Amino acid sequence: MTISDSDLTAQLRPEIPHAARIWNYWMGGVDNYPADRAAGDAVAGVYPEIRLMARDSRRFLTRAVRFLAAERGIRQFLDIGTGLPAMQNTHEIAREIAPESRTVYVDKDPLVLVHARALLGAAGSDEHVTYLQADYYEPEKILEQAARTLDFGKPVAVMFMGVMGYEPDLGVVRSIIDRVVAATASGSYLVFWDSTDTTPSVVEGAKRLVESGGDEYHLRSQADLASVFTGLELVEPGLAQITAWHADADAEPEQTDAFGGVARKP
């Protein structure tokens with residue numbers, strides 16, 4: 001059943017801090033409300049680097065998608081937990097290199113669906129780009145619906161970009177990712193990054209987020225994040241700070257409490 005825009009608008013609840021809108025605020029966007037900005041400022045007050053992390057995460061996505069499309073020949077992308085549209089979205093980056101690329105975005109959030117409809121057109125999709133409203137706790141549902149756009153007999157890049165910290169149990173995180181990757185063909189890739197507990201200030205920032213009414217986000221160790229890639233072949237330089245992964249060799253990457261990587265399924 002198609003959800004109407006009026007029904008979606010009724011679900012937005014601007015008085016409650018919202019993860020996607022807070023992230024949008026940190027990135028310098030305008031799709032946020034006072035409650036989101038207050039929560040974002042509470043975190044930035046003790047961890048000002050969060051604004052850089054938000055922007056750096058988008059740069060990591062851009063570099064990873066370009067690498068996969070240009071150097072590894074990937075033409076299919078499954079972006080799970082996509083969040084609000086940004087200046088450069090996965091399908092736009094891929095299509096710059098290969099116009100025939102196909103992308104499926106997945107998010108459970110009604111706000112994201114509103115923006116996806118505006119981005120993709122009134123129909124909500126085209127032949128090569130589709131948005132699914134689904135929760136990452138439903139990998140089989142995601143795979144079933146994504147198969148209408150993607151050919152899982154060919155390699156797919158599966159992307160989980162800074163979203164798995166909402167699940168407190170690492171075992172559940174790995175199970176979700178493993179179930180999706182298991183359904184892909186040999187030569188597929190996992191693109192993953194998340195926030196780490198590497199400095200006291202980022203840990204304090206996570207506490208302030210909860211205190212200000214935001215959803216709890218569970219920071220993890222680098223070893224925990226590395227375990228997500230078990231059984232896959234990490235692309236050099238392996239698990240790295242997202243600012244350093246395939247960064248410009250002439251630039252000194254900024255330090256960040258966020259690590260990620262790209263890995264191939266044998």
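This passage walks through helix packing, strand pairing and a few backbone oddities in a predicted model.

Helix packing comes first. Two packed helices are described by the angle between their axes and the distance between the axes. For helix α7 (residues 139-146) and helix α8 (residues 170-182), those values are about 25° and 9 Å. Angles under 35 degrees count as roughly parallel, so α7 ends up roughly parallel to α8. The crossing of α7 over α8 is right-handed. On the α7 side the contact is built from P139, E140 and L143, and on the α8 side from I176, R179 and V180. Sorted by type, the residues in this contact come out as 4 nonpolar and 2 charged, with no polar ones.

The covered part of α7 has further neighbours. Its buried residues are P139, I142, L143, Q145 and A146. Besides α8, the buried residues of α7 pack against three strands, β1 (76-80), β2 (102-107) and β3. P139 and L143 thus turn up both in the contact with α8 and among the buried residues of α7.

A second helix pair is set up the other way round. The axes of helix α3 (residues 34-46) and helix α9 (residues 200-211) cross at roughly 155° and come within 8 Å. Since angles over 145 degrees count as roughly antiparallel, α3 and α9 are therefore roughly antiparallel to each other. Here too the crossing is right-handed. From α3, the residues involved are A42, V43 and V46, and these meet S201, E204, G205, R208 and L209 of α9. The tally for the contact of α3 with α9 is 4 nonpolar, 2 polar and 2 charged residues.

Helix α2 (residues 19-26) is worth a look for its burial. It is mostly covered, with 6 of its 8 residues buried. The buried set is made up of A20, R21, I22, N24, Y25 and W26, so charged R21 is in there too, as Arg counts as charged. Just after α2 comes G28, whose phi is positive at about 90°.

Turning to the strands, β8 (residues 258-264) pairs with several partners. Strand β8 is itself mostly covered, as 6 of its 7 residues are buried. Strand β5 (residues 189-195) runs antiparallel to β8 and is joined to it by 7 bridges. Within that pairing, D194 faces F259 of β8. Strand β7 (residues 240-241) is also antiparallel to β8, held by 2 bridges, and Q241 stands opposite F259. F259 therefore has a partner in each of two strands, since D194 stands opposite it and so does Q241, with β5 covering residues 189-195 and β7 covering residues 240-241. Strand β6 (residues 233-234) pairs with β8 over 2 bridges, again in the antiparallel sense. In this pairing L234 has A263 of β8 as its bridge partner.

The loops around these strands hold two backbone features. Most residues other than glycine have a negative phi, and most peptide bonds are trans. The bond from E236 to P237 goes against that, being cis with omega near 10°. P237 sits in the loop between β6 and β7. In the loop between β7 and β8 lies H246, which is not a glycine yet has a positive phi of about 50°. H246 has 33% relative accessibility and so counts as partly exposed.

Two residues around α6 and β3 round things off. A116 belongs to helix α6 and is buried, with a relative accessible area of 8%. Although A116 and T130 are 14 residues apart along the chain, their C-alpha atoms are separated by 8.9 Å. H128 is located in the loop between α6 (110-120) and β3 (129-133). Is H128 buried or exposed? Its relative accessibility is 19%, and buried means under 20%, so H128 counts as buried. With neighbours within four places in sequence left aside, the contacts of H128 are R95, E100, S101, R102, T103 and T149.

Conventions: Residues numbered from 1 in each chain as written. Predicted model: local features only at pLDDT ≥ 70, side-chain atom pairs only at ≥ 80, totals over all residues. Heavy atoms only, no water. Axes fitted to C-alpha atoms, helices over the stretch in contact; angles between N-to-C directions. Helix = DSSP H or I, 4+ residues; strand = E, 2+ residues; numbered from the N terminus. Parallel < 35°, antiparallel > 145°, perpendicular 65-115°, else oblique. Left-handed = near helix turned anticlockwise from the far one by under 90°. Contact = heavy atoms within 4.5 Å. Buried < 20%, exposed > 50% of the residue type's maximum accessible area, 1.4 Å probe, protein only. Pairing = 2+ DSSP bridges.
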